[in-house]
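Visitor: I've got a chain open on my screen and a few things I'd like to ask about it. Could you walk me through it?

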Amino acid sequence: MSKSVPMRALVPGTTFETERLSAPAAAVATYLDAVRPAPRGTELVPLAGAFGRILAAAAVADADYPAHDRSTMDGFAVRSADGTAPRRIAGAIRMGAAPPGSLGPGEAMRIPTGGVLPEGADAVLPVEDAVERDGDVLAAAAVSARENVTPRGDDMRAGDRVLELGRRIGAAELSVLATLGRVAVEVYLRPRVAVVSTGDELVDPGAQPGTGQVRDSNRWAIAGGLSALGCEVLHLARARDEVDEIRARIAEGLRLADAVVLTGGSSVGARDHVPAAIEGLGSPGVVVHGLRVKPGKPTVLAAIGTQPVIGLPGNPTSALTILDAIASDLIRALTGETGSRRTIVGAVAAEPFRGRAGWTWYVPAVLDGGAARPLVLRSSHTSLLARADGYVVVGPEPATIEAGAPVGVVRYLGAA
């Protein structure tokens with residue numbers, strides 16, 4: 001395993017050395033190169049239980065689909081070479097059955113949409129363009145070869161890699177797997193992720209907060225985001241702002257799960273102990289501490305062995321935004337999913353989206369038709385992201401997206 005890469009420099013006891021902070025993409029690349037997280041194995045699941053799972057083996061077509069030339073219209077299977085000459089109706093093709101025989105010159109057969117063309121036919125005359133008279137069918141206009149026909153193998157050819165490994169199975173993928181006869185599907189095991197909240201100020205959601213206290217909401221937001229990524233979530237007890245207690249919770253999470261995600265305690269200050277707690281557990285330890293982003297500058301990306309330990313900020317908006325925009329790439333490495341699968345809605349900026357030169361800002365936004373409007377970024381606000389439709393990435397250059405410019409609004413993980 002690669003040795004931990006120093007990504008931070010601190011002014012002792014106070015703050016980050018800003019010019020040494022990493023850009024998001026560089027931090028993720030450094031982390032993945034140093035830690036190389038990966039799925040822990042695969043399993044076979046029935047097709048009925050495959051939705052939302054990640055393919056661990058490519059789906060390869062075993063034959064041509066469709067297996068025969070098929071009609072795309074209700075009408076008559078014909079020879080295009082017969083032009084508009086009258087054709088004798090020689091029979092009918094039933095859906096789900098083989099044609100009753102081959103088609104000779106000057107003949108036609110009734111055929112439904114999806115019916116198999118008989119040997120000798122190369123086109124379909126739509127019923128609306130046909131007139132029946134005394135056992136014959138007359139064409140209002142000639143049809144050309146292959147007209148109104150889906151050729152054999154037009155959908156999938158034998159040997160085609162239709163679905164690559166690492167793809168999340170949705171409704172469309174289920175349809176392909178069923179078509180290929182896959183009643184059991186090899187998928188990656190779901191990673192188990194332990195969630196730990198830190199902070200002396202936190203109380204349970206069912207408790208009445210006292211002065212200076214807040215309900216522990218972050219763990220539920222993080223759990224929802226992790227579930228949307230395809231993880232099993234394990235909630236651990238909260239940790240007070242003590243290094244030994246935080247370290248004990250992380251160690252417990254590493255025993256019980258594949259990764260640990262913490263919220264709170266990642267800044268630089270007398271009461272922020274997550275980085276120190278991680279460093280006491282093994283190598284590579286903290287790989288990245290601090291990002292050139294807003295919100296979420298004090299993010300910690302660490303690992304013990306190949307098990308990720310991710311320290312998210314304590315502010316609600318910061319925690320969920322960093323999970324979505326940055327940490328999700330690390331978690332996807334554990335799930336085996338390839339690609340970010342982020343949903344981005346194209347819009348036009350109704351007002352300027354402002355950032356800071358050289359930084360990456362994740363600005364919450366609301367959509368109104370085709371227009372996007374920025375919301376005032378308040379990291380400590382719990383309801384902000386629930387009111388937003390997503391976020392716009394601003395910077396590092398340019399630092400402002402002007403009104404009237406196109407923007408992409410990134411939907412949050414698990415957004416309805």
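Visitor: Which residues of S19 are buried on one side, and which on the other?
Guide: Bear in mind that this is a predicted model, where local features need pLDDT of at least 70, side-chain atom pairs count only at pLDDT 80 or more, and totals for chains, interfaces and linings use all residues. Residues are numbered from 1 along each chain as its sequence is written, and side-chain values use heavy atoms, with hydrogens and water left out. In a regular strand the side chains alternate between the two faces of the sheet. Buried residues here are those under 20% relative accessible area, exposed ones are over 50%, and partly exposed ones fall in between (1.4 Å probe, protein chains only). For S19, the buried sets are Ala259, Val261 and Thr263 on one side, and Val260 and Leu262 on the other.

Visitor: Which strands does S19 run parallel to?
Guide: Strands (E, at least two residues) and helices (H or I, at least four) are DSSP runs, numbered from the N terminus, and two strands pair if DSSP finds at least two bridges between them. On one pairing, Val196 has Leu262 of S19 as its bridge partner; on another, Val261 stands opposite Ile310 in S23. Five bridges link S19 to S15, and four link S19 to S23. So the parallel partners are S15 and S23.

Visitor: Why do the buried residues of H3 line one face of the helix?
Guide: An α-helix has 3.6 residues a turn, so residues three or four places apart point the same way. In H3 the buried ones are Asn218, Arg219, Ile222, Ala223, Gly225, Leu226 and Leu229. Taking the arc from the directions between the helix axis and the C-beta atoms, these residues line one face because they fall within 165°.

Visitor: What do those buried residues of H3 pack against?
Guide: H3 covers residues 218–229, and its end C-alpha atoms are 17 Å apart, which agrees with the 16 Å its twelve residues should span; the expected span is 1.5 Å times one less than the number of residues. Just past its end, Gly230 has a positive phi of about 100°. With contact meaning heavy atoms within 4.5 Å, the buried side packs against S15, S18, S19, S23 and H6.

Visitor: How much space lies in the largest cavity?
Guide: On a 1 Å grid over the protein atoms alone, a cavity is a set of points where a 1.4 Å probe fits but cannot get out, and its lining residues have an atom within 4 Å of a point. Points are joined across faces, edges and corners, and the volume is the space filled by probe spheres set on them. One cavity of 30 Å³ or more turns up, with Leu229 and Gly230 among the lining residues of the largest cavity. Its space is about 50 Å³.

Visitor: Which buried residues does H1 have?
Guide: H1 takes in residues 24–35 and reaches 16 Å from its first C-alpha to its last. What covers its buried residues includes H6 and S26. The buried residues themselves are Pro24, Ala27, Val28, Thr30, Tyr31, Ala34 and Val35.

Visitor: How many residues of S26 are buried?
Guide: S26 has several partners: S21 pairs with it in the parallel sense over two bridges, and S28 in the antiparallel sense over five. S27 also runs antiparallel to S26, with four bridges, and Gly369 in the hairpin of S26 and S27 takes a positive phi near 65°. S26 is mostly covered, and its buried count is seven of nine.

Visitor: Where is Pro396 found, and which peptide bond leads to it?
Guide: Most residues other than glycine have a negative phi, and most peptide bonds are trans. The bond to Pro396 is cis, with omega near 5°. Pro396 lies in the loop between S28 and S29, and the bond leading to it comes from Gly395.

Visitor: Is Asp134 buried or exposed?
Guide: Asp134 sits in the loop between S10 and S11. Its phi is positive, about 50°, although it is not a glycine. With a relative accessible area of 78%, Asp134 is exposed.

Technical notes:
On a 1 Å grid over the protein atoms alone, a cavity is a set of points where a 1.4 Å probe fits but cannot get out, and a pocket is an open set with protein on both sides within 12 Å along at least five of seven lines; lining residues have an atom within 4 Å of a point.
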